[in-house]
Amino acid sequence: MGELVGYRCSTCNRDYAPDEATYTCPADGGNLDVVLDWTAIGRQTRPADIARSTEDSVWRYLPLLPVADPGHFGTPLRAAGWTPLYAPERLCRAAGLRNLWLKDDGRNPTGSFKDRASAIVVARAQQVGVETVVTASTGNAGAALAGMAAAAGLPAVILAPNTAPPAKVAQLLMFGARVFLVEGTYDQAFDLTLEAAQAFGWYCRNTGHNPFTAEGKKTAAFEICEQFTAAVGGDPAGGGKWSAPDAVFVSVGDGNIISGLDIGFENLRQLGWIDHVPRLFGVQSEKSAAIYNAFVAGAQKIVPVRATTLADSISVDLPRDGLRALRAVRRSGGACLAVADEDILAAMRVLAREAAVFAEPAGAAAYAGLGPAVERGLVSAQDRVVVLNTGSGLKDVKSAMQAAGAAKVIEPSLAALRHALD
Ligand SMILES: Cc1ncc(COP(=O)(O)O)c(C=O)c1O
Ligand SMILES: [Zn+2]
């Protein structure tokens, strides 16, 4: 593991020793960046050491992470991350680009990107010796925490909105978490979880609120660079460097995934393992666009919205990591985009048909933002672009059916099939 030096507030820049903070900045509630000793890490670890690792998961990056090895070999806790980076030719042509890759985080053990954060939070929970972990979730973070906690034998409590898709609720229950469906929004579940964690002494994983979630999510940036290096003909175990793409597209709810990616790319740049940070493009639904609104207004403050998008995983009134998401987009030279829900459904169809990747609406939103970005000249045909799918389509079958339409029902005869084919 990397040595945890402490935390730095992303809002007021105050530094805290490891025992002076647990969640957000005690002074102003800002999201805390984890501070590691990068000089020591750079001395002890080279890119080739990682590229030669036999660990096909987030744990190959242990020297760059602020947690100790959690053990639990042979369980899904060891299987989070190291998802495939596809080079889908037809999708690339459909997008009007020369170089497009699709990283499929729907392939994680519980079917979403959130396994990365939950694996690292469970490792941290073990390290600090907590008895119960809790999180608010639109569904995926909860399923991920419930799954990773089940792998580690740690009790978990999950609070999700009553409107969460049934497949996600089924996952929570199957993993044996104590599940409470809150009659209200994700935001209300979030606030209730903070109160409950304090009242009952539970360790809170809430997205963005817990500084270790972004530390888990940054592993996707590490993987993108390591896999991209190989994809463009380099040898990640060869020289002292990896390559980075020009642009990365990701969907945004609370803003913690994009913040984590930004932190991961910045870590590699600080180590001198990559020369530049990709431009980060954060895609929201027009019906849940608080961070996008702040971006276009050039504001430093996020004004909450009333989110109503069908992409439930990114349906957030007040993003809990919004300022760091803005930081990610602004300092990388990227942009925020907002897309219509119909375009998200269309993106689900295109991803499935042109790249054979079945994404949930929030996962497909990232691709839905690519077309408008190309049209507006934010991305050029030559740019080397990575689009991240953050969740499996099996998570939300109702939306998938909405995107795919209904199948024809026929009599069991060749004549009926022939007629239907016509
Ligand atoms: C599938 C999927 N995509 C995107 C997001 C957005 O991540 P964040 O809330 O960190 O912006 C989530 C969050 O739950 C998710 O589950
Ligand atoms: Zn602060």
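In this predicted model, Cys-9 is a buried residue, because its relative accessible area is 0%, under the 20% that marks burial. Cys-12, by contrast, is partly exposed, since its relative accessible area of 28% lies between the limits of 20% and 50%.

Both cysteines belong to a metal site. The zinc ion (ligand 2) is coordinated through the SG atoms of Cys-9, Cys-12 and Cys-25. Asp-28 completes the list of donors and appears in it twice, each time through an OD atom. The coordinating atoms lie at 2.3 to 2.6 Å from the zinc ion. Along the chain, the donors of this ion are arranged with the spacing C-x2-C-x12-C-x2-D.

The other ligand to consider is ligand 1. It is surrounded by 17 residues, and the closest of these are Lys-114, Gly-253, Asp-254, Gly-255 and Thr-390. Sorted by class, the shell around ligand 1 consists of nine polar, four nonpolar and four charged residues.

Several polar contacts can be traced between ligand 1 and the protein. On the backbone side, a polar atom of Gly-253 is 2.7 Å from an oxygen atom of ligand 1, and a polar backbone atom of Ile-257 is 2.9 Å from an oxygen atom of the ligand. Thr-390 contributes through its side chain, where an N or O atom is 2.6 Å from a nitrogen atom of ligand 1. Taken alone, ligand 1 exposes 390 Å², of which the protein buries 98%. The space that ligand 1 takes is the largest cavity.

Technical notes. Residues are numbered from 1 along each chain as its sequence is written. Chains are lettered from A and ligands numbered from 1 in the order in which they are written. This is a predicted model: local features need pLDDT of at least 70, side-chain atom pairs count only at pLDDT 80 or more; totals for chains, interfaces and linings use all residues. Side-chain values use heavy atoms; hydrogens and water are left out. Donors are N, O and S atoms within 2.8 Å of the metal (3.2 Å for Na, K and Ca); water is not among the atoms, so sites may look incomplete. Buried means under 20% relative accessible area, exposed over 50%, partly exposed in between (1.4 Å probe, protein chains only). A residue is near a molecule or strand if one of its heavy atoms lies within 4 Å of it. A polar contact is a pair of N or O atoms within 3.5 Å; within protein, one must be able to donate a hydrogen and the other to accept it, and residues adjacent in sequence count only if both atoms are side-chain atoms. Accessible areas come from the Shrake-Rupley method with a 1.4 Å probe; for residues, only the protein chains shown count as cover. On a 1 Å grid over the protein atoms alone, a cavity is a set of points where a 1.4 Å probe fits but cannot get out, and a pocket is an open set with protein on both sides within 12 Å along at least five of seven lines; lining residues have an atom within 4 Å of a point. A molecule sits in a cavity or pocket if more than half of its atoms lie within 2 Å of its grid points. Ala, Val, Leu, Ile, Met, Phe, Trp, Tyr, Cys and Pro count as nonpolar, Asp, Glu, Lys and Arg as charged, and the others, Gly among them, as polar.
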